[in-house]
Structure formats: structure tokens, C-alpha cells
Amino acid sequence: IERKGWRGAMQLLPTERIILFGVLASGGLAVLFPLLLERSVNWPPFVVGYAASLGLLGVGAYIRGAKAAPRIALAVIAVATFAGFTAGSSVLIYALLPLPNPMVDEQLTRLGHAIGYDWQALVLAMTAYPGITRALGFVYQSAIPQLLLTICVLASYGRAVALHRFLLVGMLTLVVCVAVWWAWPSVGYIGTLPLSDAEMRAAGLIYSQDYGAYLTRLLQHGPTRITPEVITGVVGFPSYHTVMACLVVFYLWRTVLFVPAVLFNLAMLLATLVHGGHHLVDLIGGLVVFALGVWIANRLIRDPGPA
């Protein structure tokens, strides 16, 4: 039996190479933009996280080639690319701050009121159900764990095409959401129609009254230094939380977790409105961006069909 060296044993599928290109591009831009825009970055934790994700990707490629465990390799490589892209894109997004254009929250608020949506009234109504609101807070903060769980489920089913489309849609939609948000900045109701601390505590909201003002300062003035401690969700319109909810539900179709995912992420949409302070149009925009991402991914990653 011919023995392979460790390099020969490492194997990536063609679609994994495409996705890896996106990870490497995000990492390169994450370095280039702060340098060109003269942003201060605490590089060591980001570099360590990014390097660790690439190392994990190499482990996954080795598992496929040398250990003949394709489903484990699918999961490891997918988690690695997810982590690497997240590390690169987080620095890149914050390097864009402060944003050059005026915020459009006032216009989005007027649009919401025109179609009968009132965030303040919704939150104040939730004060009668603080337990439900706190539960929605856990749902809202579950977006990333849900994505990782979806990766593991798809890998366990051996659905390589679906898994790679899932990853590509996540990457493409983040790019689109950030591009739209960069052109038309917004932070949501939580930054423009703040409630008092007492009202927010009574409603069981996960953020304090200062959170909206903090997001507004970030968009208008940028962080003093980009560090892991300041990283938080800043994209208002379109809602990337909505995109993530759609990703989980759409790609868990025909798995044992599909029905729970549907129920959980219907709650995610409400949690995004309540805890995220999003405009209603943010969710609509997220749905449109998700549909666009699926359309593109399906054309870039073709289903080979039955062998």
C-alpha cells in the first residue's frame, strides 16, 4: 500500500477551495483596510483566532485524506471556514467605522409607523410578559450556536452540497448586508427611540438604555481601537439576524431538527424586533438578501445529482 506524506493526505473538495478563497480574501481585506484607513487594531487576538481557524481547516483536510472520515472532515472544515471568515469580517466591518453617510433611522421609523409598526408600543406591551421577553433574549443570543449546530447536522447527514451552499450563502449575505448598511447606516429603534432604564428592565430587555447611544457613537465616530471587547452587532438594515434565522431553517429541511428550527426561529424574528430594536423593514430586507444569497449560491455550487 502506497503511503502518503502529510501533504498528500490533506484533501479539500473543489467547493471548499472556493469557500476558502472567501476566507482568505476576508482576512486579507481585514489587514488592508485598517492599514489604509489608519485604524488602531489590537491584532494578536484576531490573528491568533484567524490562524487557529486555518489550522483547524488543515486538520479537517488531513482527517479526510488520511483517516477516511469524510463526515467528520466536512464538519471540521466547515467550522474552520466559518470561524476564519467571522474573524476576518469582524475586523473589516469595524475598520469601516465611522460610516460616511448620515443615518437613515428616522426615515425607517416613519416607514414603520406608516405600516402600523410601533417598536415602543411592542416593548411596553411585553412588560406584561417579562418571562417571555427574557426567554426571547436567550433566543436572540443563540444565532451563532444555531449556525454551528446546523453545520454539524448537515455534516452528519453527509450533505456536502447543502453544507457548502449554507456557508457560501452566509458569506455572501453578510457582504451584501454590510454594503447596504454602509451606504444607508442605521442602528434601529434602540438607538433612536430609547426607553428609560426602568422600562427596559420591566420588559426584560437584554441591553441597557445606553446600548443604543453606544451603537450610534460607533457608527458616527468609530471605536478608539478595534478589539474583541468592542465587537458587537452593528448592522441595522438589512437584519443579519433574520438572515441567520433563515439559514438555519432553510438548510435544516428534511432533518430531524427542521420543525424545532422553524418554531425556534419564528421566535427569533420576534426577538430580533424586541431585543435587537430592529425596524420592521430590516427583517424584510434580511429576507430579500437571504433569497438573493440562495439564488447565487445555487448557481455557483451545482448539485451533481444522483451518481
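**Notebook: helix crossings, odd backbone spots and a ring cluster**

I started with helix 2 (residues 14–36) and helix 4 (residues 70–95), whose axes come within 8 Å and cross at roughly 25 degrees. Angles under 35 degrees count as roughly parallel, so I noted helix 2 as roughly parallel to helix 4. The handedness came next: helix 2 passes helix 4 in a left-handed crossing. A reminder to myself is that this is a predicted model.

Then I listed who makes this contact. From helix 2 I wrote down Glu 16, Ile 19, Gly 22, Val 23, Ser 26, Leu 29, Ala 30, Phe 33 and Pro 34. The helix 4 side has Leu 74, Ile 77, Thr 81, Gly 84, Phe 85, Gly 88, Ser 89, Val 91, Leu 92 and Ala 95. By residue class I got 12 nonpolar, six polar and one charged for the contact of helix 2 with helix 4.

**Just past helix 2**

I moved on to Glu 38, in the loop between helix 2 and helix 3 (43–67). I found its phi near 55 degrees, a positive value in a residue other than glycine. I flagged the value because most residues other than glycine have a negative phi. Is Glu 38 buried or exposed? Glu 38 counts as exposed, at 73% relative accessibility.

I also checked Glu 38 against Ala 95: in sequence they are 57 residues apart, and from C-alpha to C-alpha the separation in space is 8.8 Å. Ala 95 was already on my list for the contact of helix 2 with helix 4.

**Other backbone entries**

Where does Arg 254 lie? I placed Arg 254 in the loop between helix 13 and helix 14 (258–274). Arg 254 is not a glycine, yet I read a positive phi of about 65 degrees for it. Its relative accessible area is 62%, so I entered Arg 254 as exposed.

Next I looked for cis peptide bonds. One joins Leu 97 and Pro 98, with omega about 0 degrees. Pro 98 belongs to the loop between helix 4 and helix 5 (105–114). Another cis bond runs from Phe 237 to Pro 238, and there omega is near -5 degrees. I located Pro 238 in the loop between helix 12 (210–221) and helix 13 (240–251).

**Rings**

How many aromatic pairs are there? My count came to four aromatic pairs. One of them is Phe 166 with Tyr 251, an edge-to-face pair at 5.8 Å centre to centre and 85 degrees between the planes. This pair links distant parts of the chain, with Phe 166 in helix 9 (residues 160–183) and Tyr 251 in helix 13, 85 residues apart.

I looked up accessibility for both partners. Phe 166 is buried, with a relative accessible area of 3%. Tyr 251 is buried too, at 7%.

Tyr 251 also pairs with Phe 250: the ring centres are 5.0 Å apart and the planes stand at 75 degrees, so I logged this pair as edge-to-face. Phe 250 has a relative accessible area of 43%, so I marked it partly exposed. Which residues do the ring pairs link into a cluster? I have Phe 166, Phe 250, Tyr 251 and Phe 290 in it.

**Helix 9 and helix 15**

Phe 290 led me to helix 15 (residues 280–300), whose axis comes within 8 Å of that of helix 9, crossing at roughly 130 degrees. I therefore recorded helix 9 and helix 15 as oblique to each other. Here helix 9 passes helix 15 in a right-handed crossing.

For this contact, helix 9 supplies Arg 165, Leu 168, Val 169, Leu 172, Thr 173, Val 176 and Cys 177. Helix 15 brings in Val 289, Phe 290, Gly 293, Val 294, Ile 296, Ala 297, Asn 298 and Leu 300. My class tally for helix 9 with helix 15 reads 11 nonpolar, three polar and one charged. A last note for the page: Phe 290 is both in the ring cluster and in the contact of helix 9 with helix 15.

Definitions and conventions:
Residues are numbered from 1 along each chain as its sequence is written. This is a predicted model: local features need pLDDT of at least 70, side-chain atom pairs count only at pLDDT 80 or more; totals for chains, interfaces and linings use all residues. Side-chain values use heavy atoms; hydrogens and water are left out. Axes are lines fitted to C-alpha atoms, for helices over the stretch in contact, and angles run from 0 to 180 degrees between N-to-C directions. Helices (H or I, at least four residues) and strands (E, at least two) are DSSP runs, numbered from the N terminus. Angles under 35 degrees count as roughly parallel, over 145 as roughly antiparallel, 65 to 115 as roughly perpendicular and the rest as oblique. A crossing is left-handed if the near helix is turned anticlockwise from the far one by less than a right angle, and right-handed if clockwise. Contact means heavy atoms within 4.5 Å. Ala, Val, Leu, Ile, Met, Phe, Trp, Tyr, Cys and Pro count as nonpolar, Asp, Glu, Lys and Arg as charged, and the others, Gly among them, as polar. Buried means under 20% relative accessible area, exposed over 50%, partly exposed in between (1.4 Å probe, protein chains only). Rings of Phe, Tyr and Trp (its six-membered ring) pair if their centres lie within 6.5 Å; planes under 30 degrees apart count as stacked, over 60 as edge-to-face and the rest as tilted.
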